[in-house]
Amino acid sequence: MKLNCWIVDDEPLALGLLDSYVQKTPFLNSTGKYSSAIQAMNNMPNERIDVIFLDIQMPEVNGMEFARFLDKNTRIIFTTAFSEYALDGYKVNALDYLLKPFSYSEFLSASKRALEWFEMKAASEEKGESEVSGIFVRSDYKLVHVLFDDILLVEGLKDYIKIFTGKDPKPILTLMSMKSMEDELPATRFIRVHRSFIVNRDKIVRVEKNRIIIGKHEIPIGETYRKAFMEEINGK
């Protein structure tokens, strides 16, 4: 498998070094080098990007802002000299975070994670499924494939989320924002009912006043989400 990748960095030396790393990595195919997010955005409609090596501190539009414009199937690997951005990187569902200066072995390790993600995705699609059946999340330094059918609910805990499934009493813990998770889940099957909770519609057992019952879980319905949720379950 070969992955199309872009490099976006406003530092010429960093851009050149990343390009040399890409050129000697057999499963990476460089399809774009840009010195600003604006320059990259002007080329976005032209082609599919699998992986983007993205600097954060850039003029006009920074890497974190640019990441929000990318297709959800594009895997982001942030490259930056500032460690304080690491947590924000995971909030936009970044696959990895490389702190400058980094070696080729560190670059290769991050790139292999991207390759593993696409290989797992391709394996899932080869099973004959007409649509994506689940998502991949990082938990305990591994990529975990979580099927939509197995998800009961998702709970947000500040910078982390817990994914509760019907297969394991212990939730899957991953560093990710609720917004990123909401974007990954199909809206036809999942609904946000509280700023801290997303539920699988098919797993709802009953609704009691201001709470939803799913198995042993009791999920509060937030006032902001109540009207939309009630319209959903009433078929409006």
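## Overall picture

A residue is called buried here when its relative accessible area is under 20%, exposed when over 50%, and partly exposed in between (1.4 Å probe, protein chains only). By that yardstick, buried residues make up 48% of the 236 residues in the protein chain. This is a predicted model, so local features need pLDDT of at least 70 and side-chain atom pairs count only at pLDDT 80 or more, while totals for chains, interfaces and linings use all residues. Residues are numbered from 1 along each chain as its sequence is written, and side-chain values use heavy atoms, with hydrogens and water left out.

The protein chain has seven helices and 15 strands; these are DSSP runs numbered from the N terminus, with helices being H or I of at least four residues and strands E of at least two. The C-alpha trace spans about 60 × 40 × 30 Å along its principal axes. The radius of gyration is 20 Å, which agrees with the value near 18 Å for a compact globule of 236 residues (taken over C-alpha atoms; the globule rule is 2.2 Å times the number of residues to the power 0.38).

## Contacts, surface and charge

Contact here means heavy atoms within 4.5 Å. Take the contacts between residues at least 6 apart in sequence: 51% of them join residues at least 24 apart. On the outside, the protein chain exposes about 12,700 Å², with carbon and sulfur atoms supplying 50% of that (Shrake-Rupley method, 1.4 Å probe; for residues, only the protein chains shown count as cover).

As for charge, there are 32 positive and 35 negative ones, and their mean positions sit 6 Å apart. Lys and Arg count as positive and Asp and Glu as negative, leaving out His and the chain ends; each charge is placed at NZ of Lys, CZ of Arg, CG of Asp or CD of Glu.

## Two nonpolar cores

In soluble globular proteins, nonpolar side chains tend to be buried together. A nonpolar core is a set of buried Ala, Val, Leu, Ile, Met, Phe, Trp, Tyr and Cys residues joined through side-chain atoms within 4.5 Å. The largest one in this model has 24 residues, and those touching the most other members are Leu3, Val22, Leu28, Val51, Phe53, Ile77 and Phe107. At least two residues each come from strand S1 (3–8), helix H1 (12–23), strand S3 (51–55) and helix H5 (104–125). H5 gives the most, with seven residues. Apart from this core lies another, of 19 residues, including Trp6, Ala37, Ile49 and Phe66.

Phe107 is a good place to start browsing. Leaving out residues up to four places away in sequence, Phe107 touches Leu18, Tyr21, Val22, Thr25, Leu28, Phe53, Leu98 and Phe102. Leu18, in helix H1, is buried because its relative accessible area is 2%. With the same sequence neighbours left out, Leu18 touches Ile7, Asp9, Phe53, Thr79, Phe102 and Phe107.

## Further along the chain

Thr174 sits in strand S10 (residues 172–175) and counts as buried, at 3% relative accessibility. Not counting residues up to four places away in sequence, its contacts are Val137, Arg138, Tyr160, Ile161 and Ile163.

Ala187 belongs to the loop between helix H6 (178–184) and strand S11 (190–194), and with a relative accessible area of 61% it is exposed. From C-alpha to C-alpha, Ala187 is 30 Å from Ala37, with their positions 150 residues apart in sequence. Leu18 and Ala187 are 37 Å apart by the same C-alpha reckoning, and 169 residues apart in sequence.

## Backbone oddities and a loop residue

Most residues other than glycine have a negative phi, and most peptide bonds are trans. The bond from Lys100 to Pro101 is cis, with omega near -5°, and Pro101 lies in the loop between strand S5 (96–99) and H5. Glu60, not a glycine, has a positive phi of about 65°; this residue is in the loop between S3 and helix H3 (63–67) and is exposed at 73% relative accessible area. Lys209 also has a positive phi, of about 50°, in the loop between strand S13 (206–208) and strand S14 (211–214), and counts as exposed at 77%.

Asn73 is in the loop between H3 and strand S4 (75–80) and counts as partly exposed, at 33% relative accessibility. Beyond neighbours within four places in sequence, Asn73 is in contact with Asp50, Trp117, Phe118 and Lys121. The C-alpha atoms of Asn73 and Val51 are separated by 8.9 Å, with the two residues 22 apart along the chain.
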